[in-house]
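Here are some exercises to help you find your way around a new structure. Try each task yourself before reading the solution below it.

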Amino acid sequence: TCGICVEKCPFDAIEIINLPQELQDDPAHRYGENAFSLYGLPAPQDGQVTGILGPNGIGKTTAVRILAGELEPNLGRHGEPVDWDDVLEAYRGTELQEYIADVRDGEVTVARKPQYVDQIPNSFDGNTRELLERTDERDALDHLVERLSIGPVMDQSIDDLSGGELQRVALAATLARDTDFYFLDEITPYLDIGQRVTAARLIRELAEEEDRSMLVVEHDLAILDLLADTLHVAYGEPGAYGVVTSPKSVRNGINEYLAGYLDNENMRIRPNPIEFEEHAPRTESRGETLVEYPDLTKRYGDGEFSLEVDGGEIRRNEVLGIVGPNGIGKSTFAKLLTGNLESDEGDADLDLDISYKPQYVTIDQHMRVDAFLSSITNQFGSSYWNTEIAQPLQLERIMEQNLSDLSGGERQRVAIAACLSDSADLYLLDEPSAHLDVEQRVQATSAIRRYAEQQDATVMVIDHDIYMIDLLADRLMVFDGEPAVHGRAGTPQSMRGGMNEFLANLEVTFRRDERTSRPRINKPDSQLDKQQKADGEYYYAP
Ligand code: ADP
Ligand code: ADP
């Protein structure tokens, strides 16, 4: 070992090239002897959006509590009193000096959007209007409600809101506050791409027009790219220690992150780079047909919402991506396929065994993770299952925990594992990326792909993270229409055709990063944006 670790090397997830410089310094905070230590702090800037890119459990909340003045950092010095003057001394000459002086003087106010919006109904009784009116310190509510399309649920009880509605209400509540510093812990879960882009633009506007300082944790890289001015990468060993790097440009931060190597820090954080294919990916699977389904229609109740599905085929052994706005009928289609819902016209009875992971994962019985998973598959614990499922989904560490004690990201990983472990003809995963950090998304993506390839399994994935869909899917099914009124599901098509159709509806084009081929959202009306729209090449532009 390198000599600093006493019992268990905290670096085992990382190949050490050099002892990171940061770890030779004192931490900003250590919770106790041998407890989690945080090295480095993000530096909020007036009028700027500062991003943090890193795994869960790496100290982001700890950093924010320090920046908010809620947690007085101990600089890792146990047994000796440390006050804000000592902290100021330690950060003298850094970008944080002025900010920490303000915190010391009690001059910083903070608004915070929590990560798990699903928990908001547990702590608030009342309707949307009542929640939002309490927070409207900037007289900005009408504007936020309109931009985030919250109008239709203003008088609805918070208890009855969907995840996507809760996320938008929580964003509006945070951005309506009048504070110096806004912290947003993940803005995208349950939002569709159009809503994600709107949320990103609102945050940028608040920074630029009102000179506020925004700190955003985000795992959807396309959105983070659009949103942030500068980026801190956080790395380390979740639960043991975390290092927040000095700020990087957003482009470099994301590229280095994807490459798995941090240039300035001289640190490898992942054995392999994450690579995007520049042109329409993979030759379309020519696999045999698993199933054909006819044109279908479904109406709810008196026809408040109707869905028309163009018939198509699902091929054996493919990963079929499904994209489209919220409220357009994707889950309805899934339920038609699984036989949980009857169609009005056309027969969707596929006579298939379907293993289904719903969007909102509600498994919370009082049962241990290992007991739960072994009740699903007799493969549980086999070396194949361990390598292909447990390891990439990072389940080992939570096997002995109770389902009811899991965090949102942990619950999601267990639900993905449960879905894939069942023996079925078709695996249907609704928003597997929700609450996963980037590393976990990448690993879940490769677990799902490998599973499809090795088990001859056929997988359908509904997701709004465009990078995840790009890495995962062989073909694409596009939904469009008017949310909550009418939806149309197109027949499955090639990735190129599907992305073009989908992004044309949204009027968003992507260019390629020169260094990594990573797709990046173009500025509306930029030269490239106009050219690509004219050419009809929204995503895989040559
Ligand atoms: P993140 O926001 O990146 O998910 P956190 O800052 O919440 O990470 O937590 C980082 C680590 O610090 C976790 O392992 C967590 O268990 C630990 N931790 C958080 N708060 C405390 C505390 N008050 N005492 C001891 N450990 C804590
Ligand atoms: P998506 O999965 O694309 O977000 P859904 O299929 O869940 O969309 O919903 C499409 C529309 O149908 C939404 O407006 C939703 O409120 C409505 N809806 C869903 N389930 C029902 C139901 N059981 N009864 C009436 N309306 C429903």
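Helices are DSSP runs of H or I with at least four residues, numbered from the N terminus. With that in hand, note that helix H12 covers residues 330–338. The model you are looking at is predicted.

**Exercise 1. The shell around ligand 2**

Task: Find which helix gives the most residues to the shell around ligand 2, and sort that shell by class.

Solution:
- Step 1. List the shell: Tyr 300, Gly 301, Glu 304, Phe 305, Asn 326, Gly 327, Ile 328, Gly 329, Lys 330, Ser 331, Thr 332 and Ala 484 surround ligand 2.
- Step 2. Look for the helix: H12 gives the most, with three residues.
- Step 3. Sort by class: the shell has four nonpolar, six polar and two charged residues.

**Exercise 2. The shell around ligand 1**

Task: Name the residues around ligand 1 and say how they divide by class.

Solution:
- Step 1. Around ligand 1 you will find Tyr 31, Ala 35, Phe 36, Asn 56, Gly 57, Ile 58, Gly 59, Lys 60, Thr 61, Thr 62 and Gly 239.
- Step 2. These divide into four nonpolar, six polar and one charged residue.

**Exercise 3. Two glycines and their surroundings**

Task: Place Gly 324 and Gly 487 in the fold, and decide whether each is buried or exposed.

Solution:
- Step 1. Gly 324 sits in the loop between strand S16 (319–323) and H12.
- Step 2. Count around Gly 324: there are 25 other C-beta atoms within 10 Å, so Gly 324 is buried, the cut-off being 20 or more.
- Step 3. Leaving out neighbours within four places in sequence, Gly 324 is in contact with Lys 330, Val 478, Phe 479 and Asp 480. Lys 330 also belongs to the shell around ligand 2.
- Step 4. Now compare with a residue of the other shell: Phe 36 is one of the residues around ligand 1. Gly 324 and Phe 36 are 288 residues apart in sequence and 41 Å apart in space, C-alpha to C-alpha.
- Step 5. Turn to Gly 487, which is part of strand S21 (residues 486–489). With 24 other C-beta atoms within 10 Å, Gly 487 is buried.
- Step 6. Beyond four places in sequence, Gly 487 touches Leu 307, Ile 328, Gly 329, Phe 479 and Gly 481. Of these, Ile 328 is 159 residues away in sequence but 4.9 Å away in space, C-alpha to C-alpha.

**Exercise 4. A pair of helices**

Task: What is the relative direction of H8 and H9, and which residues meet between them?

Solution:
- Step 1. Locate the helices: H8 spans residues 163–175 and H9 spans residues 193–210.
- Step 2. Check the axes: they come within 12 Å and cross at roughly 5°.
- Step 3. Angles under 35 degrees count as roughly parallel, and H8 and H9 are therefore roughly parallel to each other.
- Step 4. Look at the contact: Gly 164, Arg 168, Leu 171 and Leu 175 of H8 meet Gln 195, Ala 199, Leu 202 and Leu 206 of H9. By class, the contact has five nonpolar, two polar and one charged residues.

**Exercise 5. The nonpolar core**

Task: How many residues are in the largest nonpolar core, and which have the most contacts inside it?

Solution:
- Step 1. The largest nonpolar core has 147 residues.
- Step 2. Those with the most contacts inside it are Ala 172, Ile 203, Val 216 and Val 461.
- Step 3. Follow one of them: apart from neighbours within four places in sequence, Val 216 is in contact with Val 49, Gly 51, Leu 184, Ile 187, Ile 203, Leu 227 and Ala 228.

**Exercise 6. Positive phi outside glycine**

Task: Where do Glu 186 and Ser 517 lie, and is each buried or exposed?

Solution:
- Step 1. Glu 186 has a positive phi of about 70° although it is not a glycine. Ser 517, also not a glycine, has a positive phi near 65°.
- Step 2. Glu 186 lies in the loop between strand S5 (181–185) and H9, while Ser 517 lies in the loop between strand S23 (510–512) and strand S24 (519–521).
- Step 3. Count atoms: Glu 186 is buried, with 22 other C-beta atoms within 10 Å. Ser 517 has 13 and is partly exposed.

How values were computed. Residues are numbered from 1 along each chain as its sequence is written. Chains are lettered from A and ligands numbered from 1 in the order in which they are written. This is a predicted model: local features need pLDDT of at least 70, side-chain atom pairs count only at pLDDT 80 or more; totals for chains, interfaces and linings use all residues. A residue is near a molecule or strand if its C-beta atom, placed from the backbone, lies within 6 Å of it. Ala, Val, Leu, Ile, Met, Phe, Trp, Tyr, Cys and Pro count as nonpolar, Asp, Glu, Lys and Arg as charged, and the others, Gly among them, as polar. Axes are lines fitted to C-alpha atoms, for helices over the stretch in contact, and angles run from 0 to 180 degrees between N-to-C directions. Helices (H or I, at least four residues) and strands (E, at least two) are DSSP runs, numbered from the N terminus. Angles under 35 degrees count as roughly parallel, over 145 as roughly antiparallel, 65 to 115 as roughly perpendicular and the rest as oblique. Two residues are in contact if their C-beta atoms, placed from the backbone, lie within 7 Å. A nonpolar core is a set of buried Ala, Val, Leu, Ile, Met, Phe, Trp, Tyr and Cys residues joined through C-beta atoms within 7 Å. A residue is buried if 20 or more other C-beta atoms lie within 10 Å of its own, exposed if 12 or fewer, and partly exposed in between; C-beta atoms are placed from the backbone.
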